[in-house]
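This report looks at one protein chain, moving from its overall form to one helix and then to a single residue. Please keep the sequence and the structure in view while reading.

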Amino acid sequence: MSENVRVRFAPSPTGSLHIGGARTALFNLLFARHNNGTFVLRIEDTDTERSTEESTQQIIRSLKWLGLDWDEGPEKGGDFGPYFQSQRLELYKKEVDRLLAEGKAYYCYCSPEELSERREAALKAGKPPKYDGRCRNLTPEQRKKFEDEGRPYTIRLKMPEEGQTAVEDLIRGTVVFDNSVLDDLIIVKSNGIPTYNFACVVDDNAMKMTHIIRAEEHLSNTPKQIQTYLALGYEIPKFAHVPMILAPDRSKLSKRHGATSVEEFRDQGYLAESIINYLTLLGWSPEGTEEIFDMDKAIREFTLERVNKTAAIYDVKKLTWINGHYMRELDLEYITEQTIPFMIKKGIITEEEARDNFDYIKKVVEISRDRAKTLDELADTISFFFKDVTEYEEKGVKKHFSKENAAKLLTLGAEALEKLEDFTHDKTEETFRNITADMGLKAAEIIHPTRLAITGRTVGPGLFDIIVLLGREKTVERMRKAAQWISNKSN
RNA sequence: GGCCCCGUGGUCAAGUGGUUAAGACAUCGCCCUUUCACGGCGGUAUCAGGGGUUCGAAUCCCCUCGGGGUCACCA
């Protein structure tokens, strides 16, 4: 089956790409690449009310940012385009006409109001809210009457009333549905535009899809789609319904759960590589026990057989851990480039300064990135290299500035650094250690207050790495200023 | 409510009749150390419940319970 595998990701542009959608796209891509197949992106914009150009752009942007590149689709073209359903209306019409001519579909003149009334009535009576099929066998006279009244109509597909429809699912096995639960589904809305279930089937066939990999929420729709394939005389593709991703409270993902869209994660400082790695392991697992999995490795190992059936709750903590890993392991220049936009956004540096001082920023990132979990956090923790220290962390003041010799040590340290010939990591460290050793103190006695003095914080990279990068002038100045600050405070 | 899917620690998750039930995140403790991270070592914690089948069940069957999905002129 590795020949000519064709799969697609088919989002509707009615919102941003959330992590569930991203995972579905990922699995499609992984499957396609693993089998040397083709990954198609198709935009399902048949809902003219809710579809927006903005959503389309956002989804495309997110997909690209994640590195989920498609072979055919918007911006790429391909032999089976166009890849927007709104541009394929003629095809659908042709297929609907065929169904109508063959007596497999019919006009329905029931209004949405009537339908929902009946649905509610049925629900109240404890019956399944199924379409009663009253327009299924309209006489020519009845039809003419409705037409003359100018009633809008939809087109419905006749579903078999007896028997069963089996979905052969690659992940779940055979799932059987009684045809009696199937409604005559609407395939064309009264505005003349086909519905999802229909357009999707027509396109998957026209675009020669071999496997339909999508979220589990579509499993219940699948028997209807299979009947549509049958009515149209199409070959039925293989189905694989991947488990859903749930919010921490086990409910379906939604806005109120905080960050769920790919762009929100991006804006919080997560790397695309981390999201891909995390999503790869959510619902799929490799044969080994590795947790760090880049896309290339995932492509090599991905199979549908190892996708599990259970819905997964996403856990930001693990994502954050993975992000921390990539923060320190990925190429330094790349991480630096990724960090700069966050620095600019926070007003730590300007775009121009970033350009002029790239190499310096890179050095700063080099000594700092080990401790940051996100790009956003990294930008915060390195701000003191570019901005003056305006306040000192309170618990640090209590711990390190309140000792009686703190101000004195800072002054001594500053004086020594001013006179130092080689302003290097080792020399500055030696200097500090000598000062404390002469006084019978531990080096920590000067290291901690100095860190607080020059960074404003109690945590951070190794002090002498900081000092060397910050430079003699700023280091000395900040140490003196802190010594002064302590004296003022104690008076 | 009908139908469908699912049920291994707090979370992800390996496991396909015989295992001391892996591993990871989180959490707790210790070590390393100029702080914080990283790293190393160790601990707590899981087969939803009940019946079967079997010499033997996390693995097979049934029931119950729980969670989710779906029943739109949304996708």
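Two residues are said to be in contact when they have heavy atoms within 4.5 Å. With that in mind, one can ask which helices cover the buried residues of α20. In this predicted model, the cover includes α14 (358-368), α18 (425-438), α19 (444-455) and α21 (472-490).

**The helix α20**

Helix α20 spans residues 463-470 and is mostly covered, since 6 of its 8 residues are buried. The buried residues are L463, F464, I466, I467, L469 and L470. Just after α20 comes G471, which takes a positive phi of about 100 degrees.

**The chain as a whole**

Chain A contains 21 helices and 11 strands. Its radius of gyration is 32 Å, whereas the globule rule gives 23 Å for 491 residues, and because the value for chain A is well over that of the rule, the chain is more spread out than a compact globule. Taken along the principal axes, the box that the C-alpha atoms of chain A fill is roughly 110 × 50 × 40 Å. Buried residues nevertheless make up 50% of the 491 residues in chain A. Among the contacts in chain A with a separation of 6 or more, 76% are between residues 24 or more positions apart.

The table below gathers some values for the whole chain.

| Property of chain A | Value |
|---|---|
| Radius of gyration | 32 Å |
| Accessible surface | about 24300 Å² |
| Part of that surface belonging to carbon and sulfur atoms | 48% |
| Mean pLDDT | 93 |
| Residues with pLDDT of 70 or more | 99% |

As for charge, chain A carries 71 positive and 81 negative side chains, and the centres of these two sets lie 4 Å apart. The scores for the model are ipTM 0.95 and pTM 0.94.

**The residue T154**

Turning to a single position, T154 is found in strand β4, which runs over residues 154-157. Is T154 buried or exposed? A residue counts as buried when its relative accessible area is under 20%, and T154 is therefore buried, because its relative accessibility is 12%. When residues up to four places away in sequence are not counted, T154 touches Y106, Y107 and C108, and also I186, V188, K189 and S190.

Terms used: Residues are numbered from 1 along each chain as its sequence is written. Chains are lettered from A and ligands numbered from 1 in the order in which they are written. This is a predicted model: local features need pLDDT of at least 70, side-chain atom pairs count only at pLDDT 80 or more; totals for chains, interfaces and linings use all residues. Side-chain values use heavy atoms; hydrogens and water are left out. Helices (H or I, at least four residues) and strands (E, at least two) are DSSP runs, numbered from the N terminus. The radius of gyration is taken over C-alpha atoms; the globule rule is 2.2 Å times the number of residues to the power 0.38. Buried means under 20% relative accessible area, exposed over 50%, partly exposed in between (1.4 Å probe, protein chains only). Accessible areas come from the Shrake-Rupley method with a 1.4 Å probe; for residues, only the protein chains shown count as cover. Lys and Arg count as positive and Asp and Glu as negative; His and the chain ends are not counted. The place of a charge is taken as NZ of Lys, CZ of Arg, CG of Asp or CD of Glu. pLDDT is the predictor's confidence in each residue, from 0 to 100.
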